[in-house]
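Please open the structure in your viewer and keep the sequence panel beside it. The tour below moves from one selection to the next and says what is there at each stop.

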Amino acid sequence: MTTTLNLVDHLLALGRKYQEIGRFTDAEGVLGRLAGFGELPAAAAEEAQARLAELHLRRRKYGRARRCLAAALAHRPDSARYHLLLATALQADDRGDLQRADEHYRRSLELDPQQVKCRSDSGLLAVRLGRTEEGLARLRQAVEEAPGDVDA
């Protein structure tokens, strides 16, 4: 068992390192292999899926990112970050479900109301969905929270 845990820890650390230094293809390979292991400790499985999702989003592989984020959310359903990433993947994909994206933006803001980027993205999506007043209110709130932030 210790040997397996050492292997999991080693692969996770290697995937982390590759991702941090910009070797995204190598990181995806290592983390993908790790995620394919039958039984992983919950924390390792969650981190591997979340990192894979980030890599897939970067490469505009939105379907893959959504699957990885669904797996990460199964481990930690109250993660504002995972809900934000899933909303982003749903909104960016041509085949994405904008209503579900809106639900995940809302959930992310419920969990962490201080996210200016999430609030502004959520506002833009609300405008896109035809809920102009609601969207403009979210956008105004984002600007009020971070007046110097260009993204807001």
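Begin by selecting serine 108, which counts as buried because its relative accessibility is 0%; the model on your screen is a predicted one. Serine 108 has its place in helix α6, and if you leave out residues up to four places away in sequence, the residues it touches are Ala80, His83, Leu84, Gln115 and Cys118.

**The whole chain**

Zoom out for a moment and colour by secondary structure, which comes to eight helices and zero strands, so that reading along the sequence gives the pattern α-α-α-α-α-α-α-α. The C-alpha trace spans about 55 × 30 × 25 Å along its principal axes, and 42% of the 152 residues in the chain count as buried. If you show the surface, the chain exposes about 8600 Å², and carbon and sulfur atoms supply 50% of that area. Among contacts between residues at least 6 apart in sequence, 47% join residues at least 24 apart.

**Helices α6 and α7**

Select residues 98-111, which form helix α6, together with residues 116-128, which form helix α7, and you will see two helices that pack at an angle of about 150 degrees with their axes 10 Å apart. Because angles over 145 degrees count as roughly antiparallel, α6 and α7 are described as roughly antiparallel to each other, and their crossing is left-handed. To see where they meet, show the side chains of Leu98, Ala101, Asp102, Tyr105, Ser108 and Leu109 in α6, and then those of Cys118, Arg119, Asp121, Ser122, Leu125 and Arg128 in α7. Sorted by class, this contact of α6 with α7 has six nonpolar, two polar and four charged residues. Serine 108, the opening stop, is thus one of the α6 residues in this contact, and Cys118 is among the residues that serine 108 touches.

**Helices α4 and α5, and the loop between them**

Next, select residues 62-75 for helix α4 and residues 80-92 for helix α5, whose axes come within 9 Å and cross at roughly 155 degrees. The two helices are therefore roughly antiparallel to each other, and the crossing of α4 and α5 is left-handed. From α4, display Tyr62, Ala65, Arg66, Leu69, Ala72 and Leu73, which meet Tyr82, His83, Leu85, Leu86, Ala89, Leu90 and Ala92 in α5. The residues of this contact divide into eleven nonpolar, one polar and one charged.

Is serine 79, the next residue to select, buried or exposed? Serine 79 lies in the loop between α4 and α5, and with a relative accessible area of 5% it is buried. Leaving aside neighbours within four places in sequence, serine 79 is in contact with Leu73 and Leu111.

**Helices α3 and α4**

Keep α4 selected and add helix α3, which covers residues 42-58. Helices α3 and α4 pack at an angle of about 155 degrees with their axes 8 Å apart; they are therefore roughly antiparallel to each other, and α3 passes α4 in a left-handed crossing. On the α3 side, the residues to show are Ala42, Ala45, Glu46, Gln49, Ala50, Leu52, Ala53, His56 and Leu57, and these meet Tyr62, Arg64, Ala65, Cys68, Leu69, Ala71, Ala72 and His75 in α4. By class, the contact of α3 with α4 has twelve nonpolar, three polar and two charged residues.

While you are here, select alanine 43, which also lies in helix α3 and is exposed, with a relative accessible area of 57%. If you draw a distance from its C-alpha atom to that of alanine 72, which is 29 residues away along the chain, the separation is 9.5 Å.

**Glutamate 28 in α2**

For the last stop, select glutamate 28 in helix α2, which covers residues 24-35. At 14% relative accessibility, glutamate 28 counts as buried because buried means under 20%. Not counting residues up to four places away in sequence, glutamate 28 touches Leu52, Leu55, His56, Arg59 and Arg64. Two of these names, Leu52 and His56, were shown on the α3 side of its contact with α4, and Arg64 was shown on the α4 side. Finally, draw a distance from the C-alpha atom of glutamate 28 to that of cysteine 118, 90 residues apart along the chain, and the separation is 26 Å.

Technical notes
Residues are numbered from 1 along each chain as its sequence is written. This is a predicted model: local features need pLDDT of at least 70, side-chain atom pairs count only at pLDDT 80 or more; totals for chains, interfaces and linings use all residues. Side-chain values use heavy atoms; hydrogens and water are left out. Axes are lines fitted to C-alpha atoms, for helices over the stretch in contact, and angles run from 0 to 180 degrees between N-to-C directions. Helices (H or I, at least four residues) and strands (E, at least two) are DSSP runs, numbered from the N terminus. Angles under 35 degrees count as roughly parallel, over 145 as roughly antiparallel, 65 to 115 as roughly perpendicular and the rest as oblique. A crossing is left-handed if the near helix is turned anticlockwise from the far one by less than a right angle, and right-handed if clockwise. Contact means heavy atoms within 4.5 Å. Ala, Val, Leu, Ile, Met, Phe, Trp, Tyr, Cys and Pro count as nonpolar, Asp, Glu, Lys and Arg as charged, and the others, Gly among them, as polar. Buried means under 20% relative accessible area, exposed over 50%, partly exposed in between (1.4 Å probe, protein chains only). Accessible areas come from the Shrake-Rupley method with a 1.4 Å probe; for residues, only the protein chains shown count as cover.
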